[in-house]
Amino acid sequence: MKTIDMRYFAFLTDRLKGDVKDVSSAGDVEQLRVKYLGRKGLLSKASQNFKLIEEPDDRRFYGRGFSEFKKFATSVIEELQAKYQDEKRIDKVDLTLPGRRDFSGGLHPLTQVLEEIIDIFRGMGFTVETGPEAETVYYNFDALNTPHWHPARDLTDTFYLDIPGDDKLNWLLRTETSPVQIRVMERKRPPIRIIAPGRTYRKDKPDATHSPVFMQVEGLYVDKGVTFADLKGTVVAFYRALFGPETDSRFRPHFFPFTEPSAEVDVSCLFCRGEGCRVCKGSGWLEMGGSGMVDPNVLEGVGIDPEVYSGWAFGLGIERIAMLKYGIEDIRLFYENDIRFLEQFD
Ligand code: DAH
């Protein structure tokens, strides 16, 4: 018969107390549990000795030692498990994984350019006005002195709105921000000094330089004694603030129904400074937008006496400015919402 040392459990207890001192993580606790209480652990091995003890008193003694030790080991390990529980959760985090990137929102490049434009005009005493994108033919064309035969009115050029009961097609998506001029002049008396930014729509086939939705900023200044020189001074100052002090501007005669005289504004090419390059197609100038002295018919239509007051107006495209500023060669990028494009402007 094999002799069983009856001090076995006293010995195991000392050993466990010693092992506990070395525990410093949830992993250590688990190792300890396997070593003492696991299926092949020390307690399980000790239980196999029962059948080797023949004396009933010895068996009883051994049995008491067994169950006392089991209770002791279980409570010690449970206590340690509770202590290292939080850490165990952290143990599960794989610290070798790459970190997760924080995506912060950013302003759309058109919004950024628009804010800059607004800032510059605010600095010159202009306030910001807005108007509806769904407009009436009256505000978009009639009140702006646009003749009935004008091609901009064509169904092929303008998005008319199909509104039940409106067979005259009185509603459309505004083709320009100019109708805001009318809305403001109907409400306010001179002096009026406003800009009106917003979305505009035209039935254009999308390509690198055309988008059926785009943005404009309208400018309007009406008061006594306002001259073309005021227009020029303001426009020159604006483009210098936007593109740098070395920027030149020039006015080319043009036609718009709502201004007389009218002019198109060019700025000296930002890339070659007038030398001639690919962007300005060798001319040294970049076309920026339209402008002119508000037509007396327009002033009369809103009840402002053109004998007493005069004014100027301009309209410019925001995409054009953003494209030049950031070197973007395709207008469609602004409206496709490709995150790889947009995140470059965060
Ligand atoms: N509305 C014109 C366009 O979309 C731009 C424009 C030209 C606006 C002359 C004006 C202006 O206010 O005076 O082409």
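The domain assignment, automatic or taken from a database, splits this chain into domain 1 (2–91) and domain 2 (109–345). Their C-alpha centres sit 85 Å apart. Keep in mind that this is a predicted model: local features need pLDDT of at least 70, side-chain atom pairs count only at pLDDT 80 or more, and totals for chains, interfaces and linings use all residues. Residues are numbered from 1 along each chain as its sequence is written, and side-chain values use heavy atoms, with hydrogens and water left out.

**Around the ligand**
- There are 15 residues around the ligand (a heavy atom within 4 Å of it), and E176, Q181, R202, Q216 and E218 come nearest.
- Sort that shell by type and you get four nonpolar, eight polar and three charged residues; here Asp, Glu, Lys and Arg count as charged, and Gly goes with the polar ones.

**Polar contacts (N or O pairs within 3.5 Å)**
- The side chain of Q216 puts an N or O atom 2.9 Å from an oxygen atom of the ligand.
- S178 has a polar side-chain atom 3.0 Å from a ligand nitrogen atom.
- A313 joins in with a backbone N or O atom, 3.2 Å from an oxygen atom of the ligand.
- On its own the ligand has 350 Å² of accessible area (Shrake-Rupley method, 1.4 Å probe), and the protein covers 90% of this.
- β5 (213–223), β8 (285–294) and β9 (310–317) each give two or more residues to the shell; strands are DSSP E runs of at least two residues, helices H or I runs of at least four.

**Helix α8**
- In α8 (residues 179–187), the buried residues (under 20% relative accessible area, 1.4 Å probe, protein chains only) include Q181, I182 and V184.

How values were computed
Polar contact = N/O pair within 3.5 Å; in protein donor to acceptor, adjacent residues only side chain to side chain. Buried < 20%, exposed > 50% of the residue type's maximum accessible area, 1.4 Å probe, protein only.
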